[in-house]
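Q: Could you walk me through how to read helix packing and pockets in a model like this?

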Amino acid sequence: HSLLPVLTAEENIVFALRARGVRVRDARTIAGNQLEAAGIGQFRSLLPHQLSGGQSQRVAIARALMQHPEIVLADEPAASLDPQAGDEVMQLFAALMRQEAKTVVFTSHNLSHSLLFADRVIALGGGKIVLDSPSARLRESELRDLYV
């Protein structure tokens with residue numbers, strides 16, 4: 001999840017803030033708030049290798065959100081996680097994005113994630129758009145048929 005291995009979870013976020021010119025005290029406050037919002041404030045002093053995959057993904061989400069992006073691009077945000085952790089991370093990710101009113105574009109081979117967490121599903125095949133539909137109008141079997 002592109003965390004710096006020698007920095008704690010909090011320091012990974014502080015580092016990104018300091019690179020943007022934020023004062024140390026303010027950066028620590030922002031980092032703590034973001035980690036709390038991501039549900040992992042209690043892990044702020046752990047190094048990346050001490051975190052589970054889901055926890056490190058949450059740190060990466062917190063780091064991305066503190067930058068207040070207009071749009072978030074996420075490539076398979078739950079792919080490296082076990083199914084339960086993947087579901088939890090996607091639920092958190094979707095909730096935080098909606099709370100922040102951010103546009104998120106994510107890729108996923110997890111069909112249920114596409115239907116549960118996306119407002120719109122766009123499927124590509126052969127370099128072309130083969131499906132563009134609101135997710136509420138789709139069923140998982142329709143998406144699965146695209147892979148045949």
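A: Gladly. Let's begin with a definition: two residues are in contact when they have heavy atoms within 4.5 Å of each other. Please keep in mind that this is a predicted model.

Q: Which residues of H1 meet which residues of H3?

A: From helix H1, Ala9, Asn12, Ile13 and Ala16 make the contact. Their partners in H3 are Val59, Ala62 and Arg63. By class, this contact of H1 with H3 divides into five nonpolar residues, one polar and one charged.

Q: How are H1 and H3 oriented, roughly parallel or roughly antiparallel?

A: Angles under 35 degrees count as roughly parallel. Helix H1 (residues 9-19) packs on H3 at an angle of about 25°, and their axes are 10 Å apart. H1 and H3 are therefore roughly parallel to each other. As for the handedness, H1 passes H3 in a right-handed crossing.

Q: At what angle do H1 and H2 cross?

A: Here the angle is roughly 130°, and the axes of H1 and helix H2 (residues 24-37) come within 9 Å. H1 and H2 are therefore oblique to each other. Their crossing is right-handed.

Q: Which residues bring H1 and H2 together?

A: On the H1 side you will find Ala9, Glu10, Ile13, Val14, Leu17 and Arg18. On the H2 side, look for Val24, Ala27, Arg28, Ile30, Ala31, Gly32 and Leu35. The residues of this contact of H1 with H2 divide into nine nonpolar, one polar and three charged. You may recognise Ala9 and Ile13, which are also among the H1 residues that meet H3.

Q: What is the angle between H3 and H4?

A: Helix H3 (residues 53-65) and helix H4 (residues 83-99) pack at about 15°, with their axes 10 Å apart. That angle makes H3 roughly parallel to H4. H3 passes H4 in a right-handed crossing.

Q: Which side chains should I display for H3 and H4?

A: Try Gly54, Gln57, Arg58, Ile61 and Leu65 in H3, which meet Glu88, Val89, Leu92, Phe93, Leu96 and Met97 in H4. Sorted by class, the contact of H3 with H4 has seven nonpolar, two polar and two charged residues.

Q: Now for pockets. How much space lies in the largest pocket?

A: The general idea is that rolling a probe the size of a water molecule over the atoms shows where empty space is left. In this model, the largest pocket holds about 810 Å³ of space. Its lining is made by 28 residues, and Phe106, Thr107, Arg120, Val121 and Ile122 lie nearest the centre.

Q: Which elements give two or more residues to the lining of the largest pocket?

A: They are H4, strand S2 (103-107), helix H5 (111-117) and strand S3 (120-125). S3 gives the most, with six residues. By class, the lining of the largest pocket divides into 18 nonpolar, five polar and five charged residues.

Q: What about the second largest pocket: how much space does it hold, and which residues lie nearest its centre?

A: About 310 Å³ of space lies in the second largest pocket. It is lined by 14 residues, with Gln57, Ala60, Ile61, Leu73 and Ala74 nearest its centre. H3 and strand S1 (71-75) are the elements that give two or more residues to this lining, and H3 gives the most, with five residues. The lining of the second largest pocket has eight nonpolar, four polar and two charged residues. Gln57 and Ile61 are worth a second look, as they are also among the H3 residues that meet H4.

Q: To finish, how many helices and strands does the protein chain have?

A: The secondary structure of the chain comes to six helices and four strands. Read along the sequence, the pattern is α-α-α-β-α-β-α-β-β-α. Along its principal axes, the C-alpha trace spans about 50 × 30 × 25 Å.

Key: Residues are numbered from 1 along each chain as its sequence is written. This is a predicted model: local features need pLDDT of at least 70, side-chain atom pairs count only at pLDDT 80 or more; totals for chains, interfaces and linings use all residues. Side-chain values use heavy atoms; hydrogens and water are left out. Axes are lines fitted to C-alpha atoms, for helices over the stretch in contact, and angles run from 0 to 180 degrees between N-to-C directions. Angles under 35 degrees count as roughly parallel, over 145 as roughly antiparallel, 65 to 115 as roughly perpendicular and the rest as oblique. A crossing is left-handed if the near helix is turned anticlockwise from the far one by less than a right angle, and right-handed if clockwise. Ala, Val, Leu, Ile, Met, Phe, Trp, Tyr, Cys and Pro count as nonpolar, Asp, Glu, Lys and Arg as charged, and the others, Gly among them, as polar. On a 1 Å grid over the protein atoms alone, a cavity is a set of points where a 1.4 Å probe fits but cannot get out, and a pocket is an open set with protein on both sides within 12 Å along at least five of seven lines; lining residues have an atom within 4 Å of a point. Grid points are joined across faces, edges and corners, and a volume is the space filled by probe spheres set on the points.
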